[in-house]
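Please bring up the sequence and the model. I will take one strand and its partners, then one serine.

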Amino acid sequence: MTAAQMKGTNLTVNGDRLWDSLERMAQIGPGIAGGNNRQTLTDADAEGRALFQRWCEDAGMTMGLDRMGNMFMRHEGTEPDLDPVYIGSHLDTQPTGGRYDGVLGVLAGLEVIRSIRNLGIRTRRPIVVTNWTNEEGARFAPAMLASGVFAGVLTEDYANSRVDADGLTFGAELDRIGWRGTEAPGDRRIHAMFEYHIEQGPILEAEGKDIGVVTHGQGLWWLQVTLTGKDAHTGSTPMAMRVNAGLGMARIIEAVHRIAMDHQPDAVGAVGQANVWPNSRNVIPGRAVFTIDFRSPDLAKLTSMRSRLEAEAADIASELGLGLEIEPVGHFDPVTFDDTLVERVRAAADRLGHSRMDIVSGAGHDACWIAKVAPTVMIMCPCVDGLSHNEAEEITPAWAKAGADVLLHAVLDTAGIVR
């Protein structure tokens, strides 16, 4: 039986309860301007996890926990041996993160289960709501770290050895906050996975659409560049005798922009993280470390941008007498989401009377890794001015509920309703 066949049943979530959950979670790890700083494996992350666990257990769910700290909250089906339907996103935030990035998808999954119970609906397949560890990559690069281990594209040893800016490792911090489980990552069968997320871009709002049906995800390269020059006094070192790592960084940043523009359309590139040493106003930088972010849904363009950058950076470093190292610290190829699940999301939106459009995700998400091991799809709702990774990130209760209602219908159609 499908959701469409349940005539006369009010198959929607409780939007007020979903919004209240979002507001309550936002009280944990508050930022300084209305958003959140609940970075992965911090005390605030541990507190948010505990609250999510309590809410899920109150809704009759049981928890599984793997060695990467991924949380799997299970709602039982009438046929427990069938592969479950998963709903997943993340609770961790950027240092200056908003209240909804990732969190909406996790708590909307919880709301789906709460609503199913309230409506007295039983499903053939179990449903599992997942909180993936370290999606953001803000503290421990790369992003989508634990879902990458789950999907088998990263190793546990690699993940545990990741180091933050203070020299603390992912593995040690996961142990410290007490959220390492015993289950082997990836030791689960998934029938299908849904990820509900804010768009993090301006397209849905500009087009006046309620729902983004995500058909593809952009591929990504994160390239960490280290330039080594010579610290020297800014006032007494002749211009021709300087080995200026800051100048090299500036030229490479300009090259990143030019290379991305040369690959239009459907290609982007920028440097969002950069540091120089010794970072003193009267010392020429002797060292610069910065990360380049290239993205495209076209694999050929993505590959070409990386290749050109590496060649041009080598020329710039050679001209300025700088040492150069380029280390890939994050990568995934463009993703095509499952056609059957995409059609289910479209049908759910149409059934509920919500306007929709197909969209390509410009950001990386855990769904991009899980798509390698199971049928996967994403649903998006608009966000005001496309603003995200910013404490001013904003959505409306109506947008949040519309997407959650579509999620509910698509999940029920996939899990199978028992008469």
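Strand β8, residues 219–228, runs antiparallel to strand β12, residues 287–296, and 10 bridges join the two. This is a predicted model, so local features need pLDDT of at least 70 and side-chain atom pairs count only at pLDDT 80 or more, while totals for chains, interfaces and linings use all residues. Residues are numbered from 1 along each chain as its sequence is written, and side-chain values use heavy atoms, with hydrogens and water left out.

Strands here are DSSP runs of E, at least two residues, numbered from the N terminus. Two strands pair if DSSP finds at least two bridges between them. One bridge links T228 to R287 in β12.

β8 also runs antiparallel to strand β13, residues 323–332, with 9 bridges between them. There, W221 stands opposite H331 of β13.

How many residues of β8 are buried? It is 8 of the 10, so the strand is largely enclosed by the rest of the structure. Buried means under 20% relative accessible area, with a 1.4 Å probe and protein chains only.

Now the serine. S361 sits in strand β15, residues 356–361, and is buried, at 1% relative accessible area. Its side chain makes a polar contact with the side chain of H365 at 3.2 Å; that term means a pair of N or O atoms within 3.5 Å, where within protein one must be able to donate a hydrogen and the other to accept it, and residues adjacent in sequence count only if both atoms are side-chain atoms. A polar atom of the S361 side chain also lies 2.8 Å from the backbone oxygen of A363.

Leaving aside neighbours within four places in sequence, S361 is in contact (heavy atoms within 4.5 Å) with V214, H216, G217, Q218 and M380.

Terms used: Helix = DSSP H or I, 4+ residues; strand = E, 2+ residues; numbered from the N terminus. Buried < 20%, exposed > 50% of the residue type's maximum accessible area, 1.4 Å probe, protein only.
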